[in-house]
Amino acid sequence: MKKLDSYIFKALLVPFSYSLFTLIVIFVVNFLIKTMDRFLGKGLSIWVILELIVLNLAWMLALALPMSVLIAVLLSYGRMASDHEITAMRSSGISMPRIMLPALVFAGMIASFTIYFNNEILPDVNHKARLLGSSIYRKRPDLDITPGYFISDLPEYNLRVDEVSETGLKKVVIFSKNSKDRQIAIFAEEGNLKVDGSQILITLYNGEKHSIEFSKSGDYQREFFDSTRIAMTVDNLELKRRDSATRGDREMSSAMMFEKIKETEKKLAGIRSRMEKIYWESPIFKGDSLQNLSALLDTVTRFTAKDKVPQGFDWKGWNRTIDKLDSQERLTISYRKQINKYGVEIHKKYAMPIACFVFVIMGVPLGIMTRKNSGSIGVAIGMFFIYWASLIAGEELADRLLMTPIMAMWMPNLVFGLIGVWISYHASRERRVW
């Protein structure tokens with residue numbers, strides 16, 4: 001039996017490695033297609049681009065690991081079924097659960113690593129990837145000079161050239177801007193432009209400079225020069241890395257998000273106390289029993305001066321009380337959505353790794369039934385697409401407070417697991433499922 005376990009384990013390892021590599025390549029290509037148009041043309045070094053890709057490999061790996069387990073199980077058990085090895089095992093008295101055991105152990109190893117990875121490594125890497133991406137996004141591109149067009153990216157001047165050659169710039173025209181007291185116009189036969197960090201140095205030759213001082217009753221000056229230099233600082237012309245202590249939900253570990261949930265629950269308790277205080281101190285509702293403020297707010301109406309109200313009825317106080325309660329109720333809903341958002345991310349860190357076991361329970365009998373590799377890959381893609389769509393739908397429902405985070409993230413595992421048990425039961429008795 002140890003030889004059998006080792007044989008099945010090795011049979012799983014090869015397709016798992018190939019599928020993991022292929023999926024990572026697909027994710028990287030998709031990432032480059034979606035994001036590189038925002039980063040190209042900004043003068044980034046190849047090392048910065050590689051760093052950005054490596055940092056984004058983390059979430060790709062977390063997504064690709066469970067899917068690779070599914071593909072590996074389908075391919076390996078499908079190959080063993082087509083070679084009649086599964087038939088030989090069953091003829092030797094080996095049960096279906098025993099044949100499935102090496103795959104479950106393999107899935108346990110991958111799931112354990114993924115849980116550790118999702119909690120200890122992925123949040124920090126996601127945080128660094130976001131900071132680098134935002135720094136790159138803020139970086140302004142190096143000046144792209146097009147002959148015959150003004151460049152307005154400079155902070156103090158507008159620049160236009162008639163010709164750009166290997167030796168430099170020809171027929172340069174510069175106008176000052178953003179100054180109400182002084183206007184400058186510079187014309188030069190030749191020049192060159194150099195970018196040094198966040199500094200831009202423009203050297204001009206054989207030209208003239210015109211300036212007019214509006215603050216001095218239109219004092220006009222004209223100056224000829226053989227050469228002159230203009231230096232200016234342009235913000236974000238070079239890549240400036242920034243650090244931030246603020247983290248999104250996908251940049252936190254489970255422990256961090258539990259702390260956030262506790263803080264938000266304390267805020268909710270404070271809101272509840274304020275709502276009860278508003279309710280009991282109001283002359284409108286005093287003496288009534290407080291059951292459900294949300295249901296109460298759905299039934300009450302506001303009054304205006306045109307409405308017929310009883311003599312002495314404080315309709316303005318009524319409206320003020322309703323407005324205060326409405327404001328607190330909206331804040332309550334916002335905090336509840338925030339709690340659900342953190343809860344979804346916490347359970348997702350564990351639900352997706354545990355899905356490795358679910359994929360084994362479903363994948364082993366399906367791999368034996370499909371046999372052919374092409375069919376197995378199609379089944380794997382379809383299953384994972386449905387599973388991932390279910391997670392996205394559950395996350396959306398949880399964000400809208402229509403489902404609890406536990407149900408939203410674990411329901412796909414439960415449904416797929418029950419289907420897998422049902423298929424495995426029929427496969428163990430060599431019955432056709434469809």
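**Group meeting: salt bridges, strands and rings in a predicted chain**

Okay, let's start with one residue: Arg-400 counts as exposed, because its relative accessibility is 53%. For anyone who wants the cut-offs, buried is under 20% relative accessible area, exposed is over 50%, and partly exposed is in between, with a 1.4 Å probe and protein chains only. The areas themselves come from the Shrake-Rupley method with a 1.4 Å probe, and for residues only the protein chains shown count as cover.

Before going on, some housekeeping. This is a predicted model, so local features need pLDDT of at least 70 and side-chain atom pairs count only at pLDDT 80 or more, while totals for chains, interfaces and linings use all residues. Residues are numbered from 1 along each chain as its sequence is written, and side-chain values use heavy atoms, with hydrogens and water left out.

So what is the mean pLDDT of the protein chain? The mean is 79, and 79% of the residues reach 70 or more; pLDDT is the predictor's confidence in each residue, from 0 to 100. Helix α6, residues 293–299, has the lowest confidence with a mean of 54, whereas helix α2, residues 46–82, has the highest at 88.

On the overall layout, the protein chain has 9 helices and 5 strands. These are DSSP runs numbered from the N terminus: helices are H or I with at least four residues, strands are E with at least two. Reading from the N terminus, the order is α-α-α-α-β-β-β-β-β-α-α-α-α-α. Of the 434 residues, 43% count as buried.

Back to Arg-400. Its salt-bridge partner is Glu-396, with the closest N and O atoms 2.9 Å apart. By salt bridge I mean a side-chain nitrogen of Lys or Arg within 4 Å of a carboxyl oxygen of Asp or Glu. Glu-396 counts as partly exposed, at 39% relative accessibility. The structure holds 13 salt bridges, and some of them link up: Arg-250, Glu-345, Lys-348 and Glu-395 form a network.

Now the strands. β1 (residues 157–165) and β2 (residues 168–176) run antiparallel and are joined by 8 bridges; for pairing, DSSP has to find at least two bridges between two strands. The connection from β1 to β2 is a hairpin through 2 residues. One of the bridge partnerships is Val-164 with Leu-169 in β2.

β2 also carries a backbone oddity. Most residues other than glycine have a negative phi. Which sign does phi have at Lys-171? Positive, about 50 degrees, although Lys-171 is not a glycine, and Lys-171 sits in β2. Asn-206 is also not a glycine and has a positive phi, about 55 degrees; Asn-206 is in strand β4, residues 199–213.

Side chains connect strands too. Glu-190 and Lys-170 meet in a salt bridge at 3.1 Å, N to O. Glu-190 is in strand β3 and Lys-170 in strand β2, so this pair ties together parts 20 residues apart in sequence. Then there's Arg-222 with Glu-208, a salt bridge at 3.3 Å, N to O. That one links Arg-222 in strand β5 (residues 219–233) to Glu-208 in strand β4, 14 residues apart.

On to the rings. There are 10 aromatic pairs in the structure. Phe-175 and Phe-187 have ring centres 6.2 Å apart and planes at 90 degrees, so they are edge-to-face. Phe-175 is in β2 and Phe-187 in β3 (residues 182–196), 12 residues apart. Next come Phe-359 and Tyr-387: centres 5.3 Å apart, planes at 75 degrees, so again edge-to-face. This pair links helix α7 (residues 315–370), home of Phe-359, to helix α8 (residues 373–399), home of Tyr-387, 28 residues apart. The criterion is that rings of Phe, Tyr and Trp (its six-membered ring) pair if their centres lie within 6.5 Å; planes under 30 degrees apart are stacked, over 60 edge-to-face and the rest tilted.

Are Phe-359 and Tyr-387 buried or exposed? Both are buried, whereas Phe-175 is partly exposed with a relative accessible area of 29%, and Phe-187 is partly exposed at 32%. Ring pairs also gather Phe-359, Phe-384, Tyr-387, Trp-388 and Phe-416 into a cluster.

One long-range contact: Ser-82 and Ile-368 are 286 residues apart in sequence, yet 7.8 Å apart in space, C-alpha to C-alpha. Ser-82 is in helix α2.

Last item, the surface. Met-407, Met-411, Leu-414, Val-415, Leu-418 and Ile-419 make a nonpolar patch of about 520 Å². Patch residues have over 30% relative accessible area and no salt bridge; like charges are joined within 9 Å, and nonpolar side chains (Val, Leu, Ile, Met, Phe, Trp, Tyr) within 5 Å. Leu-418 is in helix α9, residues 405–428, and it is exposed, with a relative accessible area of 57%.
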